[in-house]
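Welcome! Let us look at this structure together and ask how each label is earned.

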Number of protein chains: 2
Amino acid sequence: MDTTADSIFRTLADPTRRAIFEQLMRHGEQNVRVLTEYSGISQPAVSKHLGVLKLAGLVRDRPDGRQTHYSAEPKGLAPLIDWMGLYGAFWRERFDRLEDLLNRMDQ
Amino acid sequence: MDTTADSIFRTLADPTRRAIFEQLMRHGEQNVRVLTEYSGISQPAVSKHLGVLKLAGLVRDRPDGRQTHYSAEPKGLAPLIDWMGLYGAFWRERFDRLEDLLNRMDQ
DNA sequence: CATATTCATAACTGTAGAGTTATTGATCTA
DNA sequence: TAGATCAATAACTCTACAGTTATGAATATG
C-alpha cells in the first residue's frame, strides 16, 4: 500500500474518484453496485477506482458473499495533513520571527 | 483563476510541480532560471508548471525587467483545507489551527 | 549598435490512465 | 441444478498532459 503524499494527491486528483470517496464519507459503507448506480460510469470503472483508493489507504473493503462493501478510511488523509503541516511549521516559524522583530521595533 | 479544490488537487498531483511549490515555500522568491537549474527539466517546462501553479492561485509572479520572480502563495491551499473540512469533527481541530495560521499569514 | 540573457509561447511527441466492452469466477435463489 | 446477480480482470481505445526543441519578444550589457 502506497500512502505517501504523492499517492494521495494523485488518487484524489481524479474528480470521479473524489466523488466516490465523498459518497462513502457521507453515506457510509456501500457495495459496488450501489456506487455504480450513483457514479454514472460502468461497474468495471468503479471497481478500478476503488482499487486505486484502496491502494492509497483511503477506503477499506469488506467482502461478503458475492458482494464487496467499501467504506471510507478518514485516517487515509493523514499524509495530506502532514504534508501541509510541514509548511504550517514553516509559516509559524516565519510568523514568530516577524512578530519578534515587530516587538523589538516597538520598544 | 480557478481556485476550486479540483484545480488544487490536479495541480499538486504532479510531483515536479509540487517540488517547485515546495522549493518556493522553503526558499522564498526565485526567478525562472534558478528554478530551472534546480528542477532538472527544461526552462519551457518550468514556465508551463509555473503557469499552472499561478492559475491555481498557488504562486504569484513579479515581473522585473527580463526576469520573472515567483513566490509561493500559502493562502492558495485554503480550498484544500475547506474540502477536508467538509468531513467534520474528525480533523476539525488540526484544520482550525492550519486555517488560523493561513489567515494570519495573509496579514 | 550588436550580442547575450531571460522568459514565454508554439508545435510536436510519447505515455499514463480513465473510460469502454467482454468475460470469468463466485455466490445467491427459484 | 439452472439461471441470475455481483464484482474483478483483461484487452482495448482515446484523450490529457508532461516533456521536448525551436523560436520570438523583451531587456540587459559591452
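The questions below go from the DNA strands to the protein interior and then to the confidence of the model.

Q: What kind of model is this?
A: It is a predicted model, so please read every value as computed from predicted coordinates.

Q: Which residues are closest to DNA strand C, and what makes a residue count as near?
A: A residue is near when one of its heavy atoms lies within 4 Å of the strand. By that test 22 residues surround DNA strand C, and the closest are Ser42(A), Lys48(A), His49(A), Arg33(B) and Ser47(B). Of the strand C atoms that come within 4 Å of the protein, sugar and phosphate account for 66%.

Q: Why is the approach of Lys48(A) to a base oxygen of DNA strand C called a polar contact?
A: The label needs a pair of N or O atoms within 3.5 Å. A polar side-chain atom of Lys48(A) lies 2.6 Å from a base oxygen of strand C, so the pair qualifies. Chain B reaches phosphate oxygens of this strand: the side chain of Tyr70(B) does so with an N or O atom at 2.7 Å, and Val32(B) with a polar backbone atom at 3.2 Å.

Q: Which element gives the most to the surface near DNA strand C?
A: That is α4(A), with four residues. By class, this surface has six nonpolar, nine polar and seven charged residues.

Q: How many residues surround DNA strand D, and which are the closest?
A: There are 22 here, and the closest are Arg33(A), Ser47(A), Ser42(B), Lys48(B) and His49(B). Sugar and phosphate make up 65% of the strand D atoms within 4 Å of the protein.

Q: How do you know that Thr16(B) makes a polar contact with DNA strand D?
A: A polar side-chain atom of Thr16(B) lies 3.2 Å from a phosphate oxygen of strand D, and the limit is 3.5 Å, so this pair counts. Phosphate oxygens of strand D also lie 2.6 Å from polar side-chain atoms of Ser47(A) and of Ser42(B).

Q: Which element gives the most to the surface near DNA strand D?
A: α4(B) does, with four residues.

Q: Is Glu22(A) buried or exposed, and what makes it so?
A: Buried means under 20% relative accessible area. Glu22(A) has 16% relative accessibility, so it counts as buried. This residue is found in helix α2 of chain A, and its side chain makes a polar contact with the side chain of Trp83(B) at 2.7 Å.

Q: What makes helix α1 of chain A mostly covered?
A: Eight of its nine residues, in the run 5–13, are buried. Among them are Ile8(A), Phe9(A) and Leu12(A).

Q: Which residues have the most contacts inside the largest nonpolar core?
A: They are Phe21(A) and Phe21(B), in a core of 46 residues. Leaving out residues up to four places away in sequence, Phe21(B) touches Trp83(A) as well as residues of chain B, including Leu12(B), Leu53(B) and Leu77(B). In soluble globular proteins, nonpolar side chains tend to be buried together.

Q: Where in chain A is the pLDDT below 50, and why does that matter for reading the model?
A: Chain A averages a pLDDT of 84, and 79% of the residues score at least 70. Over residues 94–107 of chain A, however, the pLDDT is below 50, and this stretch has three contacts beyond near neighbours in sequence. Where pLDDT is low, the predicted coordinates should not be read in detail.

Technical notes. Residues numbered from 1 in each chain as written. Chains lettered and ligands numbered in written order. Predicted model: local features only at pLDDT ≥ 70, side-chain atom pairs only at ≥ 80, totals over all residues. Heavy atoms only, no water. Polar contact = N/O pair within 3.5 Å; in protein donor to acceptor, adjacent residues only side chain to side chain. Helix = DSSP H or I, 4+ residues; strand = E, 2+ residues; numbered from the N terminus. Nonpolar A, V, L, I, M, F, W, Y, C, P; charged D, E, K, R; others polar. Buried < 20%, exposed > 50% of the residue type's maximum accessible area, 1.4 Å probe, protein only. pLDDT = per-residue confidence, 0-100. Contact = heavy atoms within 4.5 Å. Core = buried A, V, L, I, M, F, W, Y, C linked by side-chain atoms within 4.5 Å.
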